[in-house]
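Biologist: I would like to learn how to read a structure, one feature at a time. Can we start with charged side chains?

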Amino acid sequence: MDRKALYDISYGLYVITSIADGRMNGQIANTVFQVSSTPAKIAVSINKENLTHEYILKSGVLAVSTLGQETPLPFIGLFGFKSGREIDKLSQCAYVQGATGCPCVTDHALSYMEGKVVASADGGTHTVFIVELAAAAVLKKGTPLTYAYYQEVKNGKAPKTAPTYKEAAAENASKTTEKESSMKKYECGICGYIYDPEAGDPENNIPAGTPFDKLPDEWTCPICGAGKEDFSEVA
Ligand code: FE
């Protein structure tokens, strides 16, 4: 089986939130799609290890915020690479509580929708929740962030609990460049973000062409916030 065939499936990027016993959490997911139109139902795949999964099971409600293409990497890092068991993610962003009580994240979102779980399927590591929508709102016009854009343009990577996670070897093999570069790339050992000197980190005022060892000491991973010491050279 050539697993690379799976890389051709396209996805968006969403913040999935839930609430249970008054506690809220959210996470990034790329697997959301519309199942039916009348009534409007969507499917969402969530890793069983995640705290959001626990909350969805308990309360049977979830919300989905569709992120725009301009979403900054640290925001994706907050929801994608940090655990709600350690930090209160919702205290760090704007949200509205709608019909289900779920916190619908509005920061960097083009739209959101929320509803009740009406069915679920055991997908092994993940549960696929079928959700009948109770409410939905468009916040602004814009281009939805796709998983492909995030990976290629923003240099992002999937956390290990994502359904699309690729083993590091396969990831590196697919990223070999023809051009030998004197400026080495460095990979974050926490989230897998690759610092590419040719691209710099413009969102954090690091101009293109800045070698890794010239980054200021206080520079941190734009996705997960890890320090320079957590980075290692990409072979
Ligand atoms: Fe990182």
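Biologist: Which residue forms a salt bridge with D21, and how far apart are the closest N and O atoms?

Modeller: One caution before that: this is a predicted model. Now the general idea. Side chains of opposite charge can pair when their charged atoms come close. Here, the partner of D21 is K58, and their closest N and O atoms are 3.8 Å apart. The pair links distant parts of the chain. D21 sits in the loop between strand 1 and strand 2, K58 in helix 1, and these positions lie 37 residues apart in the count along the chain.

Biologist: Is D21 buried or exposed?

Modeller: D21 counts as exposed because its relative accessibility is 68%, and the cut-off for exposed is over 50%. The backbone of D21 deserves a look too. Its phi is positive, about 50 degrees, although D21 is not a glycine.

Biologist: Where else is there a positive phi in a residue that is not a glycine?

Modeller: Look at N205, with a phi of about 60 degrees. N205 is in the loop between strand 11 (194-195) and strand 12 (231-233). N205 counts as exposed, at 70% relative accessibility.

Biologist: Back to charges. Which residue in helix 1 pairs with K58, and why are the two about one helical turn apart?

Modeller: The general idea comes from helix geometry. An α-helix has 3.6 residues a turn, so residues three or four places apart point the same way. In this structure, E54 forms a salt bridge with K58, with 3.9 Å between the closest N and O atoms. Because E54 and K58 are four residues apart in helix 1, about one helical turn separates them. E54 is partly exposed, at 30% relative accessibility.

Biologist: What does R85 pair with?

Modeller: R85 forms a salt bridge with E54, the closest N and O atoms being 3.7 Å apart. R85 lies in the loop between helix 2 and strand 6 (95-97) and E54 in helix 1, so this pair ties together parts 31 residues apart in sequence. Put the pairs together and D21, E54, K58 and R85 are linked in a network of salt bridges. The count for the model comes to five salt bridges.

Biologist: R85 makes me curious about its surroundings. Which residues are in contact with N50, leaving aside neighbours within four places in sequence?

Modeller: Those contacts are Q27, R85 and T161. N50 is in the loop between strand 4 (41-47) and helix 1 (51-59). A loop position tells you nothing by itself about burial, so check the area: N50 is buried, with a relative accessible area of 16%.

Biologist: How should I read T164?

Modeller: Use the same steps. T164 lies in the loop between helix 3 and helix 4 (168-173). At 15% relative accessibility, T164 counts as buried. Leaving aside neighbours within four places in sequence, T164 is in contact with Y11, N30, Y147 and A158.

Biologist: Now a whole element. Why is helix 2 described as largely enclosed?

Modeller: Count its buried residues, meaning those under 20% relative accessible area. In helix 2 (residues 73-80), seven of the eight residues are buried, so the rest of the structure largely encloses this helix. Among them are F75, I76, L78 and F79. The cover includes strand 1, strand 2 (23-29), strand 5 (61-67), strand 7 (103-105) and helix 3 (147-152).

Biologist: Which peptide bond is cis?

Modeller: The bond from T38 to P39, with omega near -5 degrees. P39 lies in the loop between strand 3 (32-36) and strand 4.

Biologist: What about nonpolar side chains at the surface?

Modeller: L6, Y7 and I9 make a nonpolar surface patch of about 260 Å². I9 lies in the segment before strand 1 (14-20). I9 is partly exposed, at 44% relative accessibility.

Biologist: Zoom out. How many helices and strands are there?

Modeller: The protein chain has four helices and twelve strands. Its radius of gyration is 18 Å, which agrees with the value near 18 Å for a compact globule of 235 residues. Of those residues, 46% count as buried.

Biologist: How is the chain divided into domains?

Modeller: Into domain 1 (9-138) and domain 2 (179-233). Their centres are 30 Å apart, taken over C-alpha atoms. Seven residues of domain 1 contact six residues of domain 2.

Terms used
Residues numbered from 1 in each chain as written. Predicted model: local features only at pLDDT ≥ 70, side-chain atom pairs only at ≥ 80, totals over all residues. Heavy atoms only, no water. Patch = residues over 30% accessible without salt bridge, like charges linked within 9 Å, V, L, I, M, F, W, Y side chains within 5 Å. Areas by Shrake-Rupley, 256 points an atom, 1.4 Å probe, with all protein chains shown as cover. Salt bridge = Lys/Arg side-chain N within 4 Å of Asp/Glu carboxyl O. Buried < 20%, exposed > 50% of the residue type's maximum accessible area, 1.4 Å probe, protein only. Rg over C-alpha atoms; globule rule 2.2 N^0.38 Å. Domains from an automatic or database assignment. Contact = heavy atoms within 4.5 Å.
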